[in-house]
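Me: Please take a close look at one part of this predicted model: the way secondary-structure elements pack against one another within a single chain. A connected account would be preferred to a list.

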Amino acid sequence: MIKQTLSNDKPVMSVIVEKWEECFETYCYKIKLPVKIQSAKPGQFIMLWVPREDEYPICIAGLKDSILEVGIAKMGPGTEAMHKKEVGDLVGIRGIYGKPFTPPEDVNHLLIGGGFGMTPLKLLTEVLVANENKQTIHVFEGARSKNRLMYYEWLQDFHDQGKINFHVCTDDGSLGYQGFPTIDLEKFLQESETSSVIYAAGPEKMMKVIFDIGKNYPKVVDMQMSLADRYMRCGFGACAYCAVDPTGWRICVDGPVFNTEKLEQISDFGVYKRLETGEKKRI
Amino acid sequence: MIMSLATKIGNVTIRNPMILASGVLGTTYSTLNRMYEAGLGAVITKSIGAKSRAGNPNPSVFALNEIRSVINSVGLANPGYQIFREDIEILMKNSTPTIVSIFGENKEEFKEVLEGLKDLPVLAFELNFSCPNTEMGGAQIGTDPDLVYKIVKELRVKTKTPLWVKLTPNVSDVIEIASAAVKGGCDTLVAINTLKAMVIDIHTKQPILGFKKGGLSGAAIKPVGIRYVYDLYEHFGDEIPLIGVGGIFKGEDIIEYLLAGATAVEIGTSLGVAYPENMVRFFQMKIKKYMKEQQIDSIGEITGGAHK
């Protein structure tokens, strides 16, 4: 009997059907799930088991008709082990976990991220573009240099079709303007006269900077940020290794996406994360 | 009729018999506070040792849906008592009734942790003699009655704070181990810890847990826990309070443990979910409903009912 959905259970063994080098030290994969599943919401994640090596949370970049797409940047031995996996190899998937981004209607959607943070933003872009309501979508992506930009061609293609406004920058100026994505974000906010929502994913320190900028603009009616870059063991709310102080919210089930109101209450946001021991470490 | 859920465990009184079990939501003061505010009677920290430990590699926790259970091999990951002390201090400031679970690789380490924390006004120390997820000194302490006796005895003279002993089900004679703990001077017996367990993926032919082997918690172990509590009550009667733990997923399970002989219960796996507050509310409602139906004024009256 084929299971009808993916659930919080032991890893479901799934086969890699496509692999490509997306950018420097970053591979993307399409993985065929042996269960019937239509879609996932942007911001949600799965736990990826690389047999004999490691298991960790990975945000969903796409999910359609039981084909899961993920992007894996080199972050340590666990991700390097995944980079060695090829088409035909098996990996374990459990999930789907977490609370997603919840875009409201009738606002400017401002997506900003860098590195591995681009994966949930890819799915969010896809969902927003598919929405029939006329909305303005801006994607701000930054990287150290042009060979590190994730989904550059995919996003540029949407830009050329007039579906999104793609703002690209690099630290070294090798592509787009030189500097951080926050420069264009602020430029937009200064000029815009309508309400905006900021969505961010990526390194927490960067998101804290974006959060502090966003607070200066009353036209930013909400900010939704994914704090998925945390050490997790279970992914479903039991172990609390991803919990944040002082609220006791677990990133895996109470997040990973939090809105402005909640982010204001998390004193750990952009400041501390927890190690495997449970000890807090300055970010 | 005024119903009272207040529960007396030896000299310790808590507002109801539901205690957060060690190992779930106990890594930081904030989740522990949250669970107390959710309505539990008290909370127990993750097991704390002398030194910082990273525990075992992932996968280290996953669910087994078919049997509503969880297997884990976290392996006593903790920051060490010196660092975790700060979290306990915040809990004390918040007046959260807290039990600190402690472990050691040997007697000396148990002593060191207790000495380092005994000045804090915690409700009790729970001695974790029974974690199946490490390879410390060969056999687990909790399977050796001599060692259990010696450690409890030595810790007993060092503090007036109640000492609870958490028993492992992975022994052939739990009464022998429990008797050693009682003889050593412990105040309360807690049964049971996780059952030794393992899951193998048939496609890759690999054990799934990073540590290969683990411990099982959740609904599958409830009948085992009930049996241990029943056996302990049969042997000790009212001589020592018992706390039942293992597989509580609904209010009825709590009543069942109390009837088997428990004074209170610890709940872990079923609270490791997206909305633990709802679970606590359901437990509470069910207990009250049962008490009303059975015309019971005080929850303590239920204890041991299955032995009468």
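Reply: A crossing of two helices is called right-handed if the near helix is turned clockwise from the far one by less than a right angle, and left-handed if it is turned anticlockwise. In that sense, α4(B) passes α5(B) in a right-handed crossing. The helices concerned are α4(B), residues 145–156, and α5(B), residues 174–184; their axes lie 7 Å apart and enclose an angle of about 20°. Since angles under 35 degrees count as roughly parallel, α4(B) is roughly parallel to α5(B).

The side of α4(B) in this contact consists of P145(B), V148(B), Y149(B), V152(B), K153(B) and R156(B). Facing them in α5(B) are E176(B), I177(B), A180(B), A181(B), K183(B) and G184(B). Sorted by class, the contact has seven nonpolar, one polar and four charged residues. Because Asp, Glu, Lys and Arg count as charged and Gly as polar, the charged members are K153(B), R156(B), E176(B) and K183(B), and the polar one is G184(B).

A second helix pair of chain B is formed by α1(B), residues 29–37, and α2(B), residues 81–93. Here the angle is about 30° and the axes are 9 Å apart; α1(B) and α2(B) are therefore roughly parallel to each other. The crossing of α1(B) past α2(B) is right-handed. From α1(B), the residues Y29(B), L32(B) and N33(B) take part, and from α2(B), F84(B), D87(B), I90(B) and L91(B). This contact has five nonpolar residues, one polar and one charged. By the class rule used above, the charged residue is therefore D87(B) and the polar one N33(B).

The strands of chain B supply the other half of the picture. Eight of them close into a barrel in the order β3-β4-β7-β8-β9-β10-β15-β16, with parallel pairing. Within this sheet, neighbouring strands are turned against each other by 25° on average, with direction ignored. One of the pairings joins β3(B), residues 18–20, to β4(B), residues 42–44; the two strands run parallel and share two bridges. In this pairing, I19(B) is opposite A42(B) of β4(B).

Helices from both pairs lie on the sheet. α1(B) touches β3 and β4 of chain B, and its direction makes about 150° with that of β4(B). α4(B) likewise packs on the sheet, where it touches β8(B), residues 124–128, and β9(B), residues 163–167. The angle between the directions of α4(B) and β9(B) is about 165°. As angles over 145 degrees count as roughly antiparallel, each helix is therefore roughly antiparallel to the strand named with it.

One backbone detail follows a barrel strand. Most peptide bonds are trans. The bond from A191(B) to I192(B), however, is cis, with omega near 15°. I192(B) is located in the loop that links β10(B), residues 188–191, to β11(B), residues 195–198.

As to confidence, chain B has an average pLDDT of 95, and 97% of its residues score at least 70. For the complex, the predictor reports an ipTM of 0.93 and a pTM of 0.95.

How values were computed. Residues are numbered from 1 along each chain as its sequence is written. Chains are lettered from A and ligands numbered from 1 in the order in which they are written. This is a predicted model: local features need pLDDT of at least 70, side-chain atom pairs count only at pLDDT 80 or more; totals for chains, interfaces and linings use all residues. Side-chain values use heavy atoms; hydrogens and water are left out. Axes are lines fitted to C-alpha atoms, for helices over the stretch in contact, and angles run from 0 to 180 degrees between N-to-C directions. Helices (H or I, at least four residues) and strands (E, at least two) are DSSP runs, numbered from the N terminus. Angles under 35 degrees count as roughly parallel, over 145 as roughly antiparallel, 65 to 115 as roughly perpendicular and the rest as oblique. Contact means heavy atoms within 4.5 Å. pLDDT is the predictor's confidence in each residue, from 0 to 100. Two strands pair if DSSP finds at least two bridges between them.
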